[in-house]
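Student: Hi, could you walk me through this structure? I'd like to go through it piece by piece.

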Amino acid sequence: MDHGRVRRADGAAVTDPPGRERVFVTRSLPDAWLAPLRDAGLEVEAAASDAAMPGPELRARAAGASALLVQLDDHVDADVLDAAGPALRVVATFSVGTDHLDLEACRARGVAVVHTPDVLTDATADQAWALLLAVARRLREGRALIAGGDWDGWSPTRLLGTDLGGRTLAIVGLGRIGTAVAARARAFGMEVAYHGPRPHPERAEPLAARFEPDLDALLEAADVVSLHAPLTAATHHLLDARRLALLPPHAIVVNVGRGALVDERALVAALTAGRLGGAALDVFEDEPRVPAELLGLANVEVAPHQGSATTGTRAAMAALCTRGILEALGR
Ligand code: GLV
């Protein structure tokens with residue numbers, strides 16, 4: 001493969017000027033976000049579209065790049081790394097999750113990986129709570145009542161929701177975002193219990209959060225369960241049909257992590273059978289496909305994977321990506 005040859009946005013093959021390193025950005029992003037790369041003298045080629053890039057196009061356009069700036073729906077596997085070639089030194093992903101990257105293949109090729117932890121913690125925890133409160137307080141039904149012209153005035157018995165104070169929030173994965181969701185729960189007067197590979201006393205003690213080594217026992221005691229484990233082979237369908245059946249019938253499932261942490265078919269089955277209190281979902285197994293059954297259920301709130309979607313958070317994520325690329329390229 002001739003790694004001196006690259007493709008520009010218009011598809012024409014050109015030869016890189018010697019010494020000018022190229023960053024390929026798989027999605028159209030605001031100029032201001034990419035400015036640090038250009039200011040450092042890098043050639044920045046960004047896709048013209050905001051849509052996910054098909055794998056063959058990603059492989060073709062990555063060829064010869066020194067850095068890739070990708071999104072969470074770009075699958076960067078060994079084929080993409082090989083297509084990029086030996087110039088590639090860093091892959092930066094505009095996400096905290098790295099489940100779409102073959103980290104081992106990156107390591108084997110000496111390609112650094114940059115992601116965006118910390119800066120999106122609060123925005124994502126807020127989103128979990130926005131969705132949870134919407135389910136607990138039946139906001140969707142209330143809006144529909146007004147929009148449908150059916151609200152005939154105050155009622156002492158209409159749209160009664162669920163109190164969260166005094167209830168137990170079960171956190172699966174007390175990492176950054178899990179801890180931030182738990183901290184908000186304490187402000188709402190909830191008790192917090194958590195499960196994960198090991199206890200995290202430094203995070204748990206300030207929240208009086210109880211470690212539960214047995215995930216099944218955690219679920220049995222949960223009024224709300226919120227999933228914050230990274231998606232790996234071990235956590236895929238962590239909440240499967242058997243574990244969903246352990247939850248009390250009033251329990252609400254919250255997922256702002258990754259859709260495949262839950263067996264979505266089993267979740268739909270449990271919800272449609274009335275075996276769960278509700279679901280607050282920002283993520284889905286096969287995005288952007290959302291099972292139609294979920295949309296018809298009053299006790300399900302959905303959002304299009306927008307946990308980190310605030311102006312400030314997304315700018316901070318871009319800054320982390322560009323800083324990481326510049327560091328990896330020694331700029
Ligand atoms: C969003 O899901 C992320 O991983 O940043």
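What follows is a chat about the domains, the salt bridges and a few single residues of this predicted model.

Student: Let's start broad. Which domains does the assignment give?
Tutor: Domain 1 covers 5–118 + 312–328, and domain 2 covers 121–302. This is a predicted model, by the way.

Student: How many Å apart are the C-alpha centres of domain 1 and domain 2?
Tutor: The two centres lie 34 Å apart.

Student: And how many residues of each domain are in contact?
Tutor: Eight residues of domain 1 are in contact with six of domain 2. Between them the two domains bury about 560 Å², with 45% of that area on carbon and sulfur atoms.

Student: What about polar contacts and salt bridges between domain 1 and domain 2, how many are there?
Tutor: There are three residue pairs in polar contact across that interface, with both residues at pLDDT 80 or more. The side of domain 1 that touches domain 2 divides into three nonpolar, three polar and two charged residues. As for salt bridges, the count between the domains is two.

Student: OK, salt bridges then. How many does the structure hold?
Tutor: The structure holds 22 salt bridges. Take arginine 176 and aspartate 118: arginine 176 lies in helix α7 (residues 176–187) and aspartate 118 in the loop between β7 and α5, so this pair ties together parts that are 58 residues apart in sequence.

Student: What separates the closest N and O atoms of arginine 176 and aspartate 118?
Tutor: Those atoms are 2.9 Å apart. Arginine 176 itself counts as partly exposed, at 42% relative accessibility.

Student: Which residue does glutamate 202 form a salt bridge with?
Tutor: Its partner is arginine 203, with the closest N and O atoms 3.8 Å apart. Glutamate 202 is exposed, with a relative accessible area of 51%, while arginine 203 counts as partly exposed at 30%.

Student: Now glutamate 212: buried or exposed?
Tutor: Glutamate 212 is buried, because its relative accessible area of 14% falls under the 20% cut-off. Glutamate 212 forms a salt bridge with arginine 210, where the closest N and O atoms are 3.3 Å apart. Arginine 210 is partly exposed, with a relative accessible area of 43%.

Student: Which residues are linked in a network of salt bridges?
Tutor: Arg22, Glu45, Glu57 and Arg61 are linked that way.

Student: Changing topic: where does threonine 116 lie?
Tutor: Threonine 116 sits in the loop between β7 (112–114) and α5 (121–136). At 0% relative accessibility, threonine 116 counts as buried.

Student: What does the side chain of threonine 116 reach?
Tutor: The side chain reaches the backbone nitrogen of valine 96 at 3.3 Å. Setting aside residues up to four places away in sequence, threonine 116 touches Thr93, Phe94, Ser95, Val96, Met317, Leu320 and Cys321.

Student: And threonine 322, where is its place?
Tutor: Threonine 322 is in helix α13 (residues 311–328), and at 2% relative accessibility it counts as buried. Its side chain reaches the backbone oxygen of alanine 319 at 3.2 Å. Apart from neighbours within four places in sequence, threonine 322 is in contact with Trp33, Pro36 and Leu37.

Student: Let's do the backbone. Which residues does a cis peptide bond join?
Tutor: A cis peptide bond joins glutamate 287 and proline 288, and omega is about 5 degrees. Proline 288 lies in the loop between β13 (278–281) and α12 (292–295).

Student: What is phi of arginine 138?
Tutor: Phi of arginine 138 is near 55 degrees, a positive value in a residue other than glycine. Arginine 138 is found in the loop between α5 and α6 (139–147) and is partly exposed, with a relative accessible area of 27%.

Student: What about phi of histidine 237?
Tutor: For histidine 237, phi is near 55 degrees, again a positive value in a residue other than glycine. Histidine 237 lies in the loop between β11 (224–227) and α10 (241–246), where histidine 237 is partly exposed at a relative accessible area of 22%.

Student: Last one: where is alanine 60?
Tutor: Alanine 60 is in helix α2 (residues 55–62) and counts as partly exposed at 35% relative accessibility. The C-alpha atoms of alanine 60 and proline 291 are separated by 33 Å, and these residues are 231 residues apart along the chain.

Notes. Residues numbered from 1 in each chain as written. Predicted model: local features only at pLDDT ≥ 70, side-chain atom pairs only at ≥ 80, totals over all residues. Heavy atoms only, no water. Domains from an automatic or database assignment. Contact = heavy atoms within 4.5 Å. Buried area = accessible area lost by both parts, 1.4 Å probe. Salt bridge = Lys/Arg side-chain N within 4 Å of Asp/Glu carboxyl O. Polar contact = N/O pair within 3.5 Å; in protein donor to acceptor, adjacent residues only side chain to side chain. Nonpolar A, V, L, I, M, F, W, Y, C, P; charged D, E, K, R; others polar. Helix = DSSP H or I, 4+ residues; strand = E, 2+ residues; numbered from the N terminus. Buried < 20%, exposed > 50% of the residue type's maximum accessible area, 1.4 Å probe, protein only.
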